[in-house]
Amino acid sequence: MIPPSFTYHRASSVDEALNLAAELGEEAKFLAGGHSLLPLMKLRFASPEYLIDLGRITELSYIRDEGTYVAVGALTRHHDVNTSELLASEVPLLAHAAGQVGDPQIRHRGTIGGSVAHADAASDLPAVLLALDATFVIRGASGTRTVSSAEFFKGIFETALEPGELLTEIQVPKPSATNAWSFQKFTKRAIDWAIVGVAVQSDKVALVNMGHTPLRASAVEAALAAGATVADAAEHAAEGTSAGSDIHASAAFRGHLARVLVRRALEEARSKA
Amino acid sequence: MDRYPGSEEGERQVSKVSLAVNGKEITADVEDRTLLVHFLRDVANLTATNVGCETTSCGACTVLLDGESVKSCTVLAAQADGREVTTLEGLASDSGEMSAVQKAFHEQHGLQCGFCTPGFVMAITSLLKENPSPTEAEVRSGLEGNICRCTGYHNIVQAALAAASASTGSANAGEAAK
């Protein structure tokens, strides 16, 4: 499997990447680690005319303490997020979940920004960042703007990013109850996408692969806020979701998994708090 | 490379790519869409790196890029331009002495048909660089990206632990390898 033909461009700075995107137009795609885009191109689900390789933009690979939040450069690799001491102490949910993405080889290439911009509802990190109330920093020709994680994921592989815009930073608020987290992922093989996944930070609950986008389990959160037990709240896990059926699982089984995994995740988060 | 025939999907775009493969500079004009694994096999003529699933799943094509394991079927040659690539052929010393991981595969019989072996050896080489004395559980999770369809995992894991033990004398790895 070989990708369809394209013309390769390499950007060495954010400005150069934005200029190239403006010049090449909508037939261009940004390439970060390439571990979402290249597989799609091999399958002909994507055939961009131009790739703009961001891999040498070292200015976007960092993890910084900004006081109330941790700033993660969009080109920071999963491996570096996973092994960050700062994240391990301030946002352990994110550090742990990054170590659950794919396998070691994939984590040596894949980036947090690439995963977010690709916006696969079956990916781990978009849901994790939703549970953490992250904010995304976006640069475009007209300047910089920020979008909350709640507003960012719009539909199937669709985000708030406009053509020519580049996700540059993920701002992750430091949770007050740092250790009250859990990440649960149900897969057939270690490297597979989650059939269903759950990220919990305190009483915030997000779901992997339960609809067109990563979702907050709002009914669970509302039940918890109203004083429900974990077991009772978890029963609401599939409410308001739109899980699909495929060769791996029916929608009904996904609903069951969501209820079980939400209960386990809330129990684990509370036991660690 | 006739692996990339025709232009039915548009014009062929060609660029110069230069890699330091096992310490030797290799430069070639290749199509922009050329995958690193094909550059290694067809341009550099280094065929230890196997093409397995081609879908980033099986790990047979694992090589080191700047010292870290990657699946070379999912890296463009252009993305590796100017960087260092190590393949299985680059592990032995100039005098032909095998690396600790290679020796351990030999001594622990860490292979059956051998197709997945180069990928496993490279993945373990990278794993031990990051974690020189892993537990058995850490070896197993560190090898999640490699598949052995002979299902010969037991001896592969023993080989990884033996290599760690030989390199570090670590009690951790040594104990587990017994």
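Let us start in chain A, where 3 strands make an open sheet in the order 1-3-2, with parallel pairing. Its edges are strand 1 and strand 2 (28–31) of chain A, each of which pairs on one side only. From one strand to the next the twist averages 25°. Please keep in mind throughout that this is a predicted model.

**The sheet of chain A and its helix**

Strand 2 of chain A is joined to strand 3 (residues 50–53) of chain A by 4 bridges in the parallel sense. If you want a pair of residues to look for, Phe30(A) stands opposite Ile52(A) in strand 3 of chain A. Helix 1 (residues 14–24) of chain A lies across strand 1, strand 2 and strand 3 of chain A. That helix runs at about 170° to strand 3 of chain A.

**Where the two chains touch**

Between the chains, 22 residues of chain A are in contact with 30 residues of chain B. On the chain A side, the elements that give two or more residues are strand 1 (7–10), helix 2 (37–42) and helix 6 (104–107) of chain A. Helix 6 of chain A gives the most, with 3 residues. By class, the chain A side divides into 12 nonpolar, 7 polar and 3 charged residues. Strand 1 of chain A is thus a name to remember twice: it is an edge strand of the chain A sheet, and it also contributes to the side that touches chain B.

**The sheet of chain B**

Chain B has an open sheet of its own, with 5 strands in the order 2-1-5-3-4 and mixed pairing. Here the edge strands are strand 2 (24–31) and strand 4 of chain B, each pairing on one side only. The twist in this sheet averages 40° from one strand to the next.

Strand 3 of chain B has a partner on either hand in that order. The table sets its two pairings side by side.

| Pair in chain B | Sense | Bridges | Residues that stand opposite |
|---|---|---|---|
| Strand 3 (residues 62–65) and strand 4 (residues 68–71) | antiparallel | 4 bridges | Leu65(B) and Glu68(B) |
| Strand 3 and strand 5 (residues 84–86) | antiparallel | 2 bridges | Leu64(B) and Thr86(B) |

Strand 3 and strand 4 of chain B form a hairpin with 2 residues between the strands. Within this hairpin, Asp66(B) takes a positive phi near 50°. A reminder may help when you follow the side chains here: in a regular strand they alternate between the two faces of the sheet.

Two helices of chain B meet these strands. Helix 1 (residues 36–43) of chain B lies across strand 1 (14–21), strand 2 and strand 3 of chain B, at about 110° to strand 2 of chain B. Helix 3 (residues 117–130) of chain B packs on the sheet and touches strand 3 and strand 4 of chain B. The direction of helix 3 of chain B makes about 35° with that of strand 3 of chain B.

**Two domains in chain B**

The domain assignment of chain B gives domain 1 (14–90) and domain 2 (100–177). Their C-alpha centres lie 23 Å apart. Across the boundary, 15 residues of domain 1 of chain B are in contact with 13 residues of domain 2 of chain B. Strand 3 and strand 4 of chain B each supply at least two residues of the domain 1 side, and the largest share, 3 residues, comes from strand 3 of chain B. The domain 1 side divides into 7 nonpolar, 7 polar and 1 charged residues.

**Helix packing around helix 2 of chain B**

Helix 2 (residues 100–107) of chain B packs against helix 5 (residues 153–168) of chain B at an angle of about 130°, with the axes 8 Å apart. These two helices are therefore oblique to each other, and their crossing is right-handed. Among the residues that make the contact are Ala104(B) and Phe105(B) of helix 2 of chain B, together with Ala159(B) and Ala163(B) of helix 5 of chain B. By class, this contact has 8 nonpolar, 1 polar and 1 charged residues.

Helix 2 of chain B also packs with helix 3 of chain B at about 130°, with the axes 9 Å apart. This crossing is right-handed too. Val101(B), Gln102(B) and Phe105(B) in helix 2 of chain B meet residues of helix 3 of chain B, including Val121(B), Ile124(B) and Leu128(B). The contact divides into 5 nonpolar, 3 polar and no charged residues.

How values were computed:
Residues are numbered from 1 along each chain as its sequence is written. Chains are lettered from A and ligands numbered from 1 in the order in which they are written. This is a predicted model: local features need pLDDT of at least 70, side-chain atom pairs count only at pLDDT 80 or more; totals for chains, interfaces and linings use all residues. Two residues are in contact if their C-beta atoms, placed from the backbone, lie within 7 Å. Ala, Val, Leu, Ile, Met, Phe, Trp, Tyr, Cys and Pro count as nonpolar, Asp, Glu, Lys and Arg as charged, and the others, Gly among them, as polar. Two strands pair if DSSP finds at least two bridges between them. Axes are lines fitted to C-alpha atoms, for helices over the stretch in contact, and angles run from 0 to 180 degrees between N-to-C directions. Angles under 35 degrees count as roughly parallel, over 145 as roughly antiparallel, 65 to 115 as roughly perpendicular and the rest as oblique. A crossing is left-handed if the near helix is turned anticlockwise from the far one by less than a right angle, and right-handed if clockwise. Domain bounds come from an automatic or database domain assignment.
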